[in-house]
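My notebook is open, and I have two spots to look up today. Here is what I found, entry by entry.

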Amino acid sequence: MSKSFPGVKALDNVSFRADGGRVLALMGENGAGKSTLLKILAGDYFADEGEFLLNGILQNFTSPYSAIMAGISVVYQERQMIPALSVMENIFAGALPKNKLGLIDKPRLKKETMALINKFELSIDPSVPVGSLSVAHQQMVEIMKAYRRGSAVIAFDEPTASLAEEEITVLFKLIEALKKEGKIVIYVSHRMPEIFELSDDIVVLKDGALVTTFITSETTVDELITSMVGRDIGDTYENLSRNTEVGETLLEIKNLVTHDVHNIDFSLKRGEIIGFAGLIGAGRTELVRAIFGANEITSGEIIFEGQKIDFKSPFDAIKAGFALCPEDRKEEGLVLYRSITDNVSIPVLSKIRKALILDRKAEAKLASTAVEKYAVKTPGIDKLVVELSGGNQQKVILGRWTNELMNTKLLILDEPTKGIDVGAKAEIYQTICDFAKQGIGVIFISSELTEVIGVADRIYVMRNGRITGCVDRSDATEEGILSLAMADKDETGGDAQ
Amino acid sequence: MSIKSLSRKLLLVSNNIAILLVAIVVILVFYSQNPNFLHDDNIRNIMRSMAFVGILTIGMGMLLIGGEVDLSSGAVAGLSGVLVAMLINTGIPWGWAIVITIAFGASLGLISALLVNVLGFMHFIATLGLMSVYQGVILVITRNVFIPVPNEGFRLIGGTSFGNIVPLPFIIMLVLMIAYTLVLSNTGFGRSVYMCGGNRKSARLVGIKPKKISYFLYINNGALGALAGVIITSQMATASPVAGQTGSIDAITAAVLGGVAFKGGSGGMFGCFIGILLINSFSAGLTFVGFPQYWQIVARGSLLVLALCLDYVISGARSRALEHALRSHN
């Protein structure tokens with residue numbers, strides 16, 4: 001199968017087979033072509049070349065509807081249900097049982113939904129609106145919907161991204177049940193332990209091409225990673241030029257409590273990089289937002305340069321020398337449909353004006369310096385930010401916070417390498433170390449364990465809104481951090497490793 | 001550079017070309033029907049009518065660029081037009097009456113701002129309610145009767161024309177538009193308005209205070225609405241209870257036709273000007289060629305829908321061009 005977009009070959013002659021009763025994991029770095037493949041499967045995109053056969057019959061989808069009719073269901077990260085309608089109405093959408101009067105047969109609807117819920121051993125009330133359920137339960141409902149349609153192929157796009165540990169266990173049980181029924185399960189995930197726990201076969205894509213296929217029981221994590229990235233990642237971290245002179249204490253957090261985090265204590269020195277590891281939803285983003293004045297603080301103290309501070313808004317934080325690169329670049333970091341210049345100069349507009357009028361020349365200089373400093377790939381500083389790639393967008397944000405007019409003393413990076421390709425990642429790691437050398441204190445949040453361990457001097461681990469441990473880089477192991485991040489699961493006898 | 005890539009470039013740069021073309025075509029069509037369409041008297045009439053909607057559109061355009069909207073501004077204009085007439089008729093000097101009226105308009109803008117920012121109501125719904133309240137108040141006060149303003153000094157504002165063609169209110173509108181253009185493109189505040197409209201969350205995290213900007217935009221809009229009300233009362237030497245009825249809708253239409261993004265973050269005063277020019281020359285033209293009055297409403301609506309279709313086609317082409325630029329770049 002091949003699929004091209006103007007200028008990009010998203011899928012290049014990819015062939016593989018998936019068998020009923022087995023779970024096939026689709027793996028690869030961001031941009032490898034997994035999403036494109038899923039979208040072709042779902043009838044969203046049409047392949048340029050190649051064939052898709054189901055039970056030996058050539059399929060030719062003309063719309064998502066025809067894919068569903070052929071027996072393909074894709075469970076996306078964003079739920080595709082109607083939040084105000086009940087669980088049973090969503091499951092049976094398009095095939096609601098009717099009574100003699102042509103009205104919806106509610107008792108039968110409820111009975112059939114209950115049968116499904118019992119079959120998968122779930123505890124969901126069939127008559128509550130889907131919107132009132134947790135993310136995990138919504139996902140279960142979507143799976144039941146796919147099952148109800150009699151789908152032969154059920155594909156999952158990073159289904160565990162926003163689930164808690166116990167919920168993942170339930171999801172896996174459900175997938176096992178689908179497997180037993182002989183369904184073809186296609187599973188996209190970045191989480192190694194899951195892949196090895198769940199899958200039978202692994203297909204690895206890279207830059208749109210098929211790299212290799214594995215039988216899960218016959219391969220190892222190392223072999224798999226090597227095939228995905230095609231390079232040894234260990235060197236990246238060893239070659240970093242780090243800061244060796246850590247200064248006095250810059251930031252101290254004492255017993256901080258907000259709506260999302262509890263009893264947080266930690267400290268950061270000038271020139272130090274501290275990492276925050278943890279599962280998604282552990283409260284790391286909420287913690288740094290509170291420190292930045294963007295979320296409300298219930299109690300506790302923030303001491304910066306020896307003085308207690310109380311920010312009313314990010315405006316105050318920025319004035320004090322704080323800078324935040326948010327996790328969601330597009331929604332919270334940038335104004336996409338404005339130029340690079342506008343996005344770089346925005347926090348320092350008050351410093352580049354003569355009388356009341358903006359000094360355009362000074363502004364342009366600021367933007368071009370940022371573009372040069374971080375080697376942003378763009379034809380010019382007037383380019384809209386939306387037209388840049390993810391890595392270059394991140395560089396624009398870094399350029400904004402570290403230009404000569406900013407007085408950044410504390411830099412908070414929330415998942416700065418998310419959605420960025422491997423080459424650009426290494427550049428960003430070095431940039432982070434360079435900040436530390438300048439005496440900036442860096443808070444580095446990342447869900448990639450190798451990355452936090454490789455870059456940060458100390459690593460704090462969070463779980464359920466609390467800090468559960470702090471490890472020095474020299475002592476840090478992925479296993480150790482993972483067990484701190486998932487300690488609950490250990491206690492309940494789960495399999496954290 | 002090939003023609004294709006040149007036309008792509010053009011699409012990415014120009015927001016107002018389509019609507020400017022439509023405006024020119026509309027004017028030429030009426031001119032060909034009756035050459036008197038471009039006679040001094042008629043041009044003056046068109047400019048006269050542009051001032052009222054134009055000043056409303058400035059306030060509305062600023063709001064829309066900043067990601068807000070205030071449906072009550074037409075009613076604020078109507079109520080202010082009534083207030084200024086009543087103040088002058090009680091013997092207050094007309095200069096003071098105008099100052100008081102504009103302050104009154106600004107405070108009505110503040111009410112919108114409070115509903116949106118303090119109580120967190122959706123701007124569309126909250127200001128729809130206010131619109132209805134103000135229109136009701138107008139009817140209660142006037143009992144749906146015109147209020148004449150027999151004051152020579154006050155009438156001069158709307159009645160003066162330069163070179164016997166360009167009315168003073170039109171000049172006021174132009175000066176304001178130029179001033180607001182400068183604010184939008186050359187000050188930190190203007191930039192903040194665009195950033196807020198483009199992405200409020202991001203704007204807040206880079207140190208902009210979106211609420212502060214929102215307050216300013218609503219109060220500004222209220223004050224401009226009051227000014228528009230003062231002007232229309234002065235032009236007619238009478239306060240009309242129906243003067244502002246379609247004001248907000250006309251202002252939104254003009255701004256959106258002129259390339260102000262309804263969801264905020266882009267657009268400018270030049271586009272607003274073209275939008276107003278189009279709406280007013282079209283209405284004037286229909287009257288001029290003797291188009292039946294009720295059919296005029298149908299025709300005006302049809303023009304709007306047509307212009308929006310054109311905008312839809314163009315913005316589709318624009319986003320395709322953008323996508324192309326994006327892909328060839330990566």
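Entry one, a helix pair. I looked at how helix H5 (residues 94-117) of chain B packs with helix H6 (residues 123-142) of chain B, and I get an angle of about 145° with the axes 9 Å apart. I am working from a predicted model here. I then checked the hand of the crossing of H5(B) and H6(B), and it is right-handed.

Which residues meet where H5(B) and H6(B) touch? From H5(B) I noted B:Ile111, B:Ser112, B:Leu115 and B:Val116. Facing them from H6(B) are B:His123, B:Ala126, B:Thr127 and B:Leu130. I sorted the residues of this contact by kind: five are nonpolar, three are polar and none is charged.

Entry two, a strand in the other chain. I asked myself whether strand E3 (residues 23-27) of chain A is mostly covered or open. It is mostly covered, with five of its five residues buried.

Next I split E3(A) by face. In a regular strand the side chains alternate between the two faces of the sheet. On one side of E3(A) I find A:Val23, A:Ala25 and A:Met27, on the other A:Leu24 and A:Leu26, and all of them are buried.

Last, I looked for the strands that pair with E3(A). Strand E8 (residues 184-188) of chain A pairs with E3(A) in the parallel sense over four bridges, and there A:Ala25 stands opposite A:Tyr187. Strand E9 (residues 201-206) of chain A also pairs with E3(A) in the parallel sense, over four bridges. In E9(A), I noted A:Val204 as the bridge partner of A:Met27.

Terms used
Residues numbered from 1 in each chain as written. Chains lettered and ligands numbered in written order. Predicted model: local features only at pLDDT ≥ 70, side-chain atom pairs only at ≥ 80, totals over all residues. Axes fitted to C-alpha atoms, helices over the stretch in contact; angles between N-to-C directions. Left-handed = near helix turned anticlockwise from the far one by under 90°. Contact = placed C-beta atoms within 7 Å. Nonpolar A, V, L, I, M, F, W, Y, C, P; charged D, E, K, R; others polar. Buried ≥ 20, exposed ≤ 12 C-beta atoms within 10 Å, placed from the backbone. Pairing = 2+ DSSP bridges.
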